[in-house]
Amino acid sequence: MAEADTARVLASPKFRQLVTERTRFGWVLSGAMLAIYLVFIMLVAFAHGLMATKIGAGVTSLGIVFGLVVIVSAFVLTGIYVARANGRFDDLTRDLNRELGR
């Protein structure tokens, strides 16, 4: 019985759509985070002067600010994923469950 249910789910166009959209969106967000991180690392490695630029009269440098931007961007991208998961992906899952009679 479980094998038949699994085959029905795997054959469903709604399931394939859900998997495709979720996978594509995950890769896009992962790529964005990787790009942000790599830019930061490249700046650290090759733009010492820029990263050491002091902000105001304190000891805070541009490198610290850019590091915080990397951390905050991870939270923002996570929030974007959660919003999509709670909206579009949940809608597709609900439609799939209706289609399969659950």
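1. D90 lies in helix α4 of this predicted model. Because its relative accessibility is 32%, D90 counts as partly exposed, falling between the limits of 20% for buried and 50% for exposed residues. Along the chain, D90 and L18 are 72 residues apart, yet their C-alpha atoms are separated by 9.3 Å. A second separation concerns L77: its C-alpha atom and that of D90 are 18 Å apart, with the two positions 13 residues apart in chain numbering.

2. L77 is also placed in helix α4. Its relative accessibility is 15%, and L77 therefore counts as buried, the cut-off being under 20%. Neighbours within four places in sequence aside, L77 is in contact with L29, A32, M33 and I36. The contact with L29 can be read from the other side as well: with the same exclusion of sequence neighbours, L29 touches L77, I80 and Y81.

3. Which residues make up the largest nonpolar core? This core has 7 residues, namely L18, F25, L29, L77, A85, F89 and L92. The elements giving two or more residues to the core are α2 and α4, and α4 gives the most, with 4 residues. As general background, nonpolar side chains in soluble globular proteins tend to be buried together.

4. Helix α2 comprises residues 13-46, and its length can be checked against expectation. At 1.5 Å a residue, its 34 residues should span 50 Å; the end C-alpha atoms are 48 Å apart, which agrees. At the start of α2, the backbone nitrogen of K14 has a side-chain oxygen of S12 within 3.2 Å.

5. The buried residues of α2 are L18, E21, F25, L29 and F40. Their cover includes α3 (48-51) and α4 (62-99). Three of the names in this list, L18, F25 and L29, recur in the largest nonpolar core.

6. E21, a residue of helix α2, deserves a separate remark. Is E21 buried or exposed? With a relative accessibility of 18%, E21 counts as buried, because the class takes in values under 20%. Beyond its neighbours within four places in sequence, E21 is in contact with R88, F89 and L92. Of these partners, F89 and L92 are also listed in the largest nonpolar core.

7. The packing of helix α1 (residues 2-11) on α2 is described by an angle of about 65° and a distance of 5 Å between the axes. Where do these two helices meet? V9, L10 and A11 in α1 meet P13, F15 and R16 in α2. By class, this contact has 5 nonpolar residues, no polar residues and 1 charged residue.

8. S61 is found in the loop between α3 and α4. S61 is buried, since its relative accessible area is 12% and the limit is under 20%. Leaving aside neighbours within four places in sequence, S61 is in contact with M51, A52, T53, K54 and I55.

9. R98 belongs to helix α4. Its relative accessible area of 56% is why R98 is classed as exposed, as exposed residues are those over 50%. R98 and N86 are 12 residues apart in sequence, and the distance from C-alpha to C-alpha is 17 Å.

Notes:
Residues numbered from 1 in each chain as written. Predicted model: local features only at pLDDT ≥ 70, side-chain atom pairs only at ≥ 80, totals over all residues. Heavy atoms only, no water. Expected span 1.5 Å × (residues − 1). Buried < 20%, exposed > 50% of the residue type's maximum accessible area, 1.4 Å probe, protein only. Contact = heavy atoms within 4.5 Å. Polar contact = N/O pair within 3.5 Å; in protein donor to acceptor, adjacent residues only side chain to side chain. Axes fitted to C-alpha atoms, helices over the stretch in contact; angles between N-to-C directions. Nonpolar A, V, L, I, M, F, W, Y, C, P; charged D, E, K, R; others polar. Core = buried A, V, L, I, M, F, W, Y, C linked by side-chain atoms within 4.5 Å.
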